[in-house]
Amino acid sequence: MNEFARPTLKQLSVLFLSLLCLTTLAQSPAPKPAEPSDGVDHITLGQSIFPLNGAYKFSIGDSPLDPATHQPLWAKPGFDDSHWETVDLTPPNGSFDPVVGFSGYVPGWTAHGHPGYSGYAWYRIRVKVESLAGTKLALAGPSDVDDGFQVFANGTLLGSFGDFSTSHPSVYYSQPTLFPLPSSDRASNADGTEVLAFRLWMEPATLIYAPAAGGFHAAPLLGHAGAVSAGYQVRWLEQVRFQAISIIEVLFYCLLMVLSISLSIFDRSDKVYYWIAIVYAISACNMSIQTVGTLSQFINQVTLNLLVNGLFFPLLLAIWLMVWWVWFQLKRPVWLPKAVVLLTLLYMAGDFLGEEIVVGLVPHPLAVKFHLLSVAARLGFLALLVLVVVLGVRQQGREGWVALPAVLVLDVATFQAELGGLHIRHAWFPFGMQFTLGAAAQLLLVLALFFLLLRRLFVSLRLQRQQALDIQQAAEVQQVILPESRTVYPGLLIETEYRAARQIGGDFFQIIPHPADGSDGAGSTLIVAGDVTGKGLQAGMTVALLIGAIRSTAELNSGPLVVLEALNRRLIGRDASQATCLALSIAADGTCTLANAGHLPPYLNGKPLDMEGALPLGMIDGAEFSVMHFTLADDDKLVMVSDGILEATNEKGELFGFERVAELLRNNGAVKALADAAQSFGQEDDISLIAVTRTVGV
């Protein structure tokens with residue numbers, strides 16, 4: 001019996017078959033008592049079933065082969081087994097299954113003088129069957145056995161449960177078996193005696209999970225072929241029904257995984273959704289493999305133990321710990337994630353070697369020590385989980401207490417083996433379905449997490465609404481601090497366009513007139529335009545900083561180079577805060593001074609100015625910026641553009657580019673038309689334009 005075996009299946013099947021016996025025995029001759037002198041069980045059968053409780057002859061070890069036939073000598077009817085032990089499979093009064101607590105459990109050979117033994121063993125029984133002429137008989141294999149077996153009738157192999165073609169048989173979860181008895185064997189025996197021999201194999205790992213492991217825990221059933229076949233079908237139906245809860249668990253896991261993935265898409269900033277999706281994806285795989293291993297022989301017991309105990313269970317413990325670590329937003333102790341990785345590796349190694357999944361890989365005494373290592377790792381996980389919960393409650397307060405029931409249910413689901421040692425009942429059978437404490441805890445955990453995720457989602461929605469409101473208000477403030485789209489100053493017509501890629505943009509510009517600068521009172525105009533790296537709220541905050549610096553600096557000195565140097569000092573030391581910028585001063589007579597900090601050169605009458613490049617703002621302290629002087633004549637048009645226009649990209653991946661910009665400007669296109677063209681082409685970044693037209697004499 002492996003960890004996942006549910007041996008209580010035999011109680012329901014034996015109950016069914018016992019009722020069937022009562023109804024059929026009423027119409028059949030009663031079994032004759034065994035003759036004490038010949039040591040043979042005398043059975044008279046009609047259409048009934050009889051449990052072969054014994055007495056059996058039993059021996060550990062494996063049979064030598066007949067040199068002539070290469071068949072086991074211990075299977076032959078003439079083999080002398082008088083020196084073997086005698087075993088009776090009648091359930092002792094008050095006996096119960098140590099796994100699920102049901103009565104009618106027959107302790108195995110480890111409880112009868114062979115503790116710690118695993119490997120081959122043999123059972124032999126002689127029965128004398130008296131039945132009506134032409135009656136076909138069949139044998140139902142034991143409903144609970146550790147772990148696989150072959151059955152022989154008078155030395156003839158009837159069949160097996162498990163693959164015995166190699167020296168290390170492949171065994172599976174206990175399943176119903178049916179073996180028709182050949183009538184020719186009974187006819188050949190003058191006294192009608194049938195010698196049934198069972199060759200058993202038990203995995204070393206089974207010793208860990210059952211304190212009374214070894215061999216039969218329920219007797220085989222012998223009877224009329226029709227009755228045995230009917231019982232065989234009923235047992236399979238019960239087996240499938242037993243797994244109904246497991247199938248429901250898989251569906252719940254898949255639904256919660258999909259929910260977590262959906263929430264992670266909705267809120268990518270919360271990493272806990274990714275962890276929960278991973279933990280339930282692994283849980284679904286784990287339970288699916290267990291169900292397949294229970295209802296089929298596609299996965300043998302060694303592979304099942306390796307996947308479930310050696311891989312999935314340590315991963316689930318580790319990821320659940322990380323779920324709550326991320327859930328509570330813990331940062332300390334910083335060593336905890338590394339400790340989780342170490343415990344996971346220790347658990348896997350201890351389980352793989354301690355359960356002797358590969359027989360003979362390590363000596364059995366050393367395997368016991370490795371098993372203790374896996375137990376220690378398991379308890380280490382429990383200690384870390386308690387630590388995370390305590391820290392989470394202390395740090396999160398109410399949020400921690402809300403999550404506490406889910407964590408407690410997780411403890412019950414994960415450490416139910418330890419709870420079983422406290423004699424806490426952990427299996428029920430409503431409507432014939434097996435419902436364990438672990439399954440109940442898992443379902444409650446699913447419900448608890450579902451409500452916690454909904455609560456977390458509502459909190460996230462509230463925060464996102466608040467953030468959206470903050471962004472909207474920031475966008476409104478940004479629009480307020482930007483100049484009007486069309487402004488007329490003495491001798492200048494200034495037109496602007498601004499199209500943010502998001503609600504808040506990283507482009508900025510300011511137009512600051514200085515009417516008292518000139519001796520004739522005509523004054524000058526300062527225009528500053530730039531582009532902050534990045535987009536969104538962070539870029540918007542940097543824009544607000546730069547605009548404030550532009551205003552405060554221009555009040556003292558409106559020289560373009562002075563302004564750029566002041567802005568550079570403001571950005572130095574701020575991580576990931578850089579900006580390209582142009583500062584242009586236009587005097588009343590059209591004389592212009594232009595300073596550039598890595599920005600695109602402006603276009604004069606459709607042609608880009610030949611201007612030296614320079615580093616953007618915020619790169620290095622004391623950076624030198626290029627400065628040039630020129631004069632705007634009457635009707636000259638100077639256009640400053642941001643790189644968002646040039647980098648607009650269409651569906652084919654083509655850039656809007658310099659040529660399209662130059663062509664539109666040469667055709668005296670309005671800045672709005674240019675902005676519309678770039679935006680419809682495929683806006684990727686913020687778009688801003690400033691067009692300055694000299695209008696003296698107008």
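Reader: OK, so buried means under 20% relative accessible area, exposed means over 50%, and partly exposed is in between (1.4 Å probe, protein chains only). Which residues of helix 17 are buried, then?

Author: Val671, Leu674, Ala675, Ala678, Phe681 and Gly682. Keep in mind that this is a predicted model, where local features need pLDDT of at least 70 and side-chain atom pairs count only at pLDDT 80 or more, while totals for chains, interfaces and linings use all residues. Residues are numbered from 1 along each chain as its sequence is written, and side-chain values use heavy atoms, leaving out hydrogens and water.

Reader: And where do those buried residues sit around the axis of helix 17?

Author: They sit on the same side of helix 17, because they cover an arc of only 130° around the axis. That arc is taken from the directions from the helix axis to the C-beta atoms.

Reader: What covers them?

Author: The cover includes strand 17 (492-499), strand 25 (637-641), helix 15 (643-646), helix 16 (657-666) and strand 26 (687-694). Contact here means heavy atoms within 4.5 Å. Helices (H or I, at least four residues) and strands (E, at least two) are DSSP runs, numbered from the N terminus.

Reader: Switching topic: how many salt bridges are there?

Author: A search of the whole structure finds seven. One counts when a side-chain nitrogen of Lys or Arg is within 4 Å of a carboxyl oxygen of Asp or Glu.

Reader: Why would side chains pair like that?

Author: Side chains of opposite charge can pair when their charged atoms come close.

Reader: Which side chain in helix 17 meets lysine 672?

Author: Aspartate 676, in a salt bridge of 3.0 Å, N to O. The two lie four residues apart in helix 17 (residues 671-682), about one turn of the helix. Salt bridges that share partners join Glu497, Arg499, Lys672 and Asp676 into one network.

Reader: Buried or exposed, that pair?

Author: In between: lysine 672 is partly exposed at 47%, and aspartate 676 is partly exposed at 30%.

Reader: What about aspartate 81, what does it pair with?

Author: Aspartate 81 forms a salt bridge with arginine 124, with the closest N and O atoms 2.7 Å apart. Aspartate 81 is in the loop between strand 3 (56-60) and strand 4 (85-87) and arginine 124 is in strand 5 (residues 119-131), so this pair ties together parts 43 residues apart in sequence. Arginine 126 also forms a salt bridge with aspartate 81, at 3.2 Å between the closest N and O atoms.

Reader: How do the accessible areas of those three look?

Author: Aspartate 81 is buried at 4% and arginine 124 is buried at 2%, whereas arginine 126 is partly exposed at 26%.
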